[in-house]
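Q: I'm new to this one and would like a close look at a single part: the surroundings of the ligand. Could you start there and then walk me outward through the rest of the chain?

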Amino acid sequence: MSADHREQQPSQQGSRIDPHVGRYALRAKGMVASEVRALFAVASRPEIVSLAGGMPNVAALPLEQLGDLVKDVVSEEGATALQYGSAQGDPVLREQICDYMTLEGVHASPEDVIVTVGSQQALDLLTRVFVDPGDVVLTEAPTYVTAINTFAAFQADIRHVGLDEQGVIPEELEEALVRAELDGKPAKFFYTIPNFQNPAGITMTAERRAQVMEACERHDVLVIEDNPYGLLRYDGEAEPTLYSQGNGNVIYLGSLSKTLSPGLRIGWALAPSAVRAKLVLAAESAMLSHSTFNQLVVRRYLNTFPWKEQIKAFNSMYSERRDAMLGSLAAMMPDGCTWTKPEGGFFVWATLPEGIDAKAMLPRAVNERVAYVPGTGFYADGRGRDSMRLSFCYPTPEQIREGVRRLVAAIEGEIDL
Ligand code: PMP
């Protein structure tokens, strides 16, 4: 089980003896610092080009205008903004979220939406509501590191389903669904990131989407479709969402973290009404009410700002960075390296020549003044040693080119060993 495996990994808390160790609940055993988080301290040193973190470039927002907007919220709506709100989220914001989702091809009623503290909280609430210790949850391999951490924190039995360049491999999904049934623990859900997957950068083809839906419906398994990057498309055409092909068996997660700001912590879940009601109750016990203030700021932003233009501006900035990343990888990477070619989002997944361990190589890379996330962090079972996630969202195109040059120096150093 993933929690056990993860405990064998070096822990950030490991250097000091914890006097409370005998007191923790069993579920706290699965709570260990992720490799990504541990890397942030190194990656934020000024001399390092960080291809590690997935931070959106919020400095590109019109900050002065946003400052005025925040002031207006306080002066015109302060009495509401500074008060408690509902755990389901502001009703006007939920309507606006439905308008936003139409751009992603999702048509929904505000009643079925719950506003969450980023889509991360939606993942936490869903796991809280559906997963008992030992329950099987299926995820892509590799997958979003904090989803793994959340599932592990609830002591899930995390089982991976392989990806290729077209997305989830249907035969592997079928096998995992059948195996879970044979084990007497039918999967509680299949968690997938169909667009510009984190960390692999892969987008699932229309055919694979239909196959995933067919298999999950046949096995009566819920699908959690996590789509924070869907509107950050730099080329190609959007594929239909799984939600739009479902019959009430898809829970759709969205977020404004990548298209506006992660600091505002506005995400959401769109769920069948019975599930949505459970999520609201879980949210009440987790936080009583969402931040009314942040919701009103976002409500005003969506009402008064040319936010679609802002997304276009982000897309042209990120697509230039993506091109810088793919161009430098093509020009400089040594023979035997492969990498994905994302049509959007923030991430490229690179695989190293046979025998090179991305995690073991990290100190050499830091010495060369570049950081990345080793692939092992994106699996619950220790796989991924030959791989790494490279992010192109935060550094400038120039920094990306320099970062890849340094990365190549580190890889060549390993090859020469
Ligand atoms: N899902 C995926 C796939 C992500 O990459 C992220 C952010 N890195 C999240 C969910 C969480 O985003 P937030 O909580 O900021 O909405």
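A: Start with helix α5, residues 118-130: it gives the shell around the ligand its largest share, 3 residues. Keep in mind as we go that this is a predicted model. The shell has 13 residues, and the ones that come nearest to the ligand are G118, Q120, N198, S255 and S257. Sorted by class, the shell holds 8 polar residues, 4 nonpolar ones and 1 charged one.

One of those nearest residues, N198, is worth a second look. The peptide bond running from N198 to P199 is cis, with omega near 15 degrees. P199 itself sits in the loop that links β6 (189-192) to α8 (206-218). There's another cis bond to find, from A141 to P142, and there omega is near 0 degrees. P142 is in a loop too, the one between β3 (136-141) and α6.

Follow the chain from that loop and you reach helix α6, residues 145-153, which is mostly covered, with 8 of its 9 residues buried. The buried ones are V145, A147, I148, N149, T150, F151, A152 and A153. Just after α6, have a look at Q155, which takes a positive phi of about 60 degrees.

Two more residues have a positive phi. D220 is one of them: its phi is near 55 degrees, and it isn't a glycine. You'll find D220 in the loop between α8 and β7 (222-226). D220 counts as exposed because it has 11 C-beta neighbours inside 10 Å, and the cut-off for exposed is 12 or fewer. R369 is the other, again a residue other than glycine, with phi near 70 degrees. Its loop lies between α12 (358-367) and β12 (370-371). R369 has 17 other C-beta atoms within 10 Å, so it is partly exposed.

Now back to the stretch ahead of α5. Between α4 (91-102) and β2 (113-117) there's a loop, and P110 has its place in it. What does P110 touch, leaving aside its neighbours within four places in sequence? Its contacts there are P91, R94, E95 and C98. Take E95: it is 15 residues from P110 in sequence, yet the two C-alpha atoms are 5.1 Å apart in space. With 18 other C-beta atoms within 10 Å, P110 comes out as partly exposed; buried would take 20 or more.

Both α4 and β2 turn up again when you look at helix α10. The buried residues of α10 pack against α4 and β2, and also against α3 (63-81), β9 (266-270) and α11 (307-332). Which residues of α10 are buried? They are T292, N294, Q295, L296, V297, V298, R299, R300 and Y301. You can also check the length of this helix for yourself: at 1.5 Å a residue, the 13 residues from 292 to 304 should span 18 Å, and the end C-alpha atoms are indeed 18 Å apart, so the two agree.

One of the partners of α10 is α11, and that's the helix where D323 is found. D323 has 15 C-beta neighbours inside 10 Å, which is why it counts as partly exposed. From D323 to Y372 is 49 residues along the sequence, and 18 Å in space from C-alpha to C-alpha.

Finally, step back and take in the whole protein. Its secondary structure comes to 13 helices and 14 strands. Along the principal axes, the C-alpha trace spans about 65 × 55 × 55 Å. Why call the overall build that of a compact globule? A compact globule of 417 residues would have a radius of gyration near 22 Å, and the protein has 21 Å, so the numbers agree. Of those 417 residues, 47% count as buried. Look at the contacts with a separation of 6 or more and you'll see that 76% of them join residues 24 or more positions apart.

There's a record to set beside all this. An unreviewed UniProt entry lists residues 75-407 as "domain: Aminotransferase class I/classII large". Over that stretch the chain is 43% helix and 17% strand, and its end C-alpha atoms are 50 Å apart.

Conventions
Residues are numbered from 1 along each chain as its sequence is written. This is a predicted model: local features need pLDDT of at least 70, side-chain atom pairs count only at pLDDT 80 or more; totals for chains, interfaces and linings use all residues. A residue is near a molecule or strand if its C-beta atom, placed from the backbone, lies within 6 Å of it. Helices (H or I, at least four residues) and strands (E, at least two) are DSSP runs, numbered from the N terminus. Ala, Val, Leu, Ile, Met, Phe, Trp, Tyr, Cys and Pro count as nonpolar, Asp, Glu, Lys and Arg as charged, and the others, Gly among them, as polar. UniProt positions are given in the numbering used here, feature names are shortened, and annotations may be inferred rather than shown by experiment. The radius of gyration is taken over C-alpha atoms; the globule rule is 2.2 Å times the number of residues to the power 0.38. Two residues are in contact if their C-beta atoms, placed from the backbone, lie within 7 Å. The expected span of a helix is 1.5 Å times one less than its number of residues.
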